[in-house]
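User: I am new to this structure and should be grateful for a close look at one part of it, the surroundings of the ligand. Please describe that part in one connected account.

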Amino acid sequence: MYDLPTLEPIRRYKSIAVLTSGGDAPGMNPAIRGVVRTALHHGIKVYGVQRGYSGLINGDIHVLSSKGVSNIVQKGGTFLKSARCSEFHQATIRANAASQLRKLGIEALIVIGGDGSLTGAHLFEEETGLPVIGIPGTIDNDIFGTDDTIGFDTAVNTALNAIDKIRDTADSHERYFLVEVMGRSSGFLAVHVGIAAGAEMIAVPEFAVDVEAISLQLATSKRKGLGSSGIIVVAEGNAPGLTNRIAEQMAHHGHTPYVSILGHIQRGGHPSGHDRVLASCLGAKAVEYLLAGYSDMMVGVNQGQVVDVPLDNLTRYRKGLDPELLKIALQLHK
Ligand code: F6P
């Protein structure tokens with residue numbers, strides 16, 4: 001696991017709230033549990049907001065107890081529910097949401113979610129002055145300032161589990177499979193899954209897909225006797241139907257790969273041991289950072305340590321794929 005900072009409490013809170021927002025990720029439940037139990041340990045009342053920012057706007061906010069978060073550490077999804085809330089892009093709506101919290105005497109908010117959700121959290125803090133701490137929760141692992149996000153490890157393993165099975169058929173029938181993993185604008189999941197699955201090729205949204213080069217490489221492998229089956233991992237990208245289109249284009253080059261779209265199975269299932277520990281620690285530290293006087297920050301992971309990352313950085317910078325990892329992925333192809 002990661003090195004954890006020691007934080008001294010310098011301020012007091014009577015009540016805080018926690019919500020999960022955006023695409024769900026395995027490990028959100030242990031993160032909520034980490035927040036709730038740590039807050040209660042410090043004598044702070046905790047509220048759970050239902051359905052992310054939608055619940056904040058509608059005042060769907062309820063007190064959480066220690067018992068209420070029992071038996072959730074192992075469960076996928078989020079028991080608080082999640083949603084993508086386009087209304088929260090409006091400043092007036094964010095101001096109304098803050099008044100829902102103030103009505104209940106809630107003094108700070110912890111947001112568990114991805115890039116968009118944490119950007120919303122930053123704007124909310126800036127405009128309303130309510131202290132906010134973010135926790136990175138997304139299977140995409142594409143949040144600037146953190147090397148890891150809750151749910152990524154589980155999603156990698158879920159995809160691998162499926163690909164290992166697909167490979168049996170690929171091998172038996174001497175077929176190529178295009179396996180589509182999630183990731184609209186980032187290829188972290190695809191690269192990690194591709195390396196771990198021993199994929200023959202990996203296509204990520206950061207680079208244009210060169211169907212001709214892929215087709216040529218398959219033909220060369222076949223000619224050299226390096227194999228006539230394999231797995232090509234494709235990140236879904238922004239345009240729906242990308243993987244099927246690649247398959248159609250490959251057909252023009254004489255290949256007939258099968259397509260397998262893994263879809264939302266990657267977001268579900270029991271969180272891995274790694275994600276449960278990460279989520280529990282980030283949940284606990286989020287509360288401790290609040291008590292230590294921090295706000296407008298995300299609890300992230302950097303070079304093996306749990307650190308504070310200004311939320312503002314998420315709006316200004318974009319996390320890039322590690323070129324060394326890409327190099328390794330390329331070198332390990334046949
Ligand atoms: O951000 C997580 C994620 O699973 C992405 O990988 C994917 O592109 C997107 O969410 C799908 O979102 P939805 O389930 O809302 O269609």
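Analyst:
**The ligand and its surroundings**

A polar side-chain atom of His 264 lies 2.7 Å from an oxygen atom of the ligand, a polar contact being a pair of N or O atoms within 3.5 Å. The protein covers 79% of the 400 Å² of accessible area that the ligand has on its own, with areas taken from the Shrake-Rupley method and a 1.4 Å probe. This is a predicted model, in which local features need pLDDT of at least 70 and side-chain atom pairs count only at pLDDT 80 or more, while totals for chains, interfaces and linings use all residues. Residues are numbered from 1 along each chain as its sequence is written, and side-chain values use heavy atoms, without hydrogens and water.

Two acidic side chains also approach ligand oxygen atoms: for Glu 236 the distance from a polar side-chain atom is 2.4 Å, and for Asp 140 an N or O atom of the side chain is 2.6 Å away. The residues around the ligand, each with a heavy atom within 4 Å of it, also include Arg 84, Ile 139, Met 182, Gly 183, Arg 184 and Arg 267. By class, this shell has two nonpolar, two polar and five charged residues, where Asp, Glu, Lys and Arg count as charged and Gly is among the polar ones.

The shell draws at least three residues from each of domain 1 (15–151 + 271–316) and domain 2 (152–267), whose bounds come from an automatic or database domain assignment. The C-alpha centres of domain 1 and domain 2 lie 34 Å apart. Their contact (heavy atoms within 4.5 Å) takes 18 residues from domain 1 and 11 residues from domain 2.

Key: A polar contact is a pair of N or O atoms within 3.5 Å; within protein, one must be able to donate a hydrogen and the other to accept it, and residues adjacent in sequence count only if both atoms are side-chain atoms.
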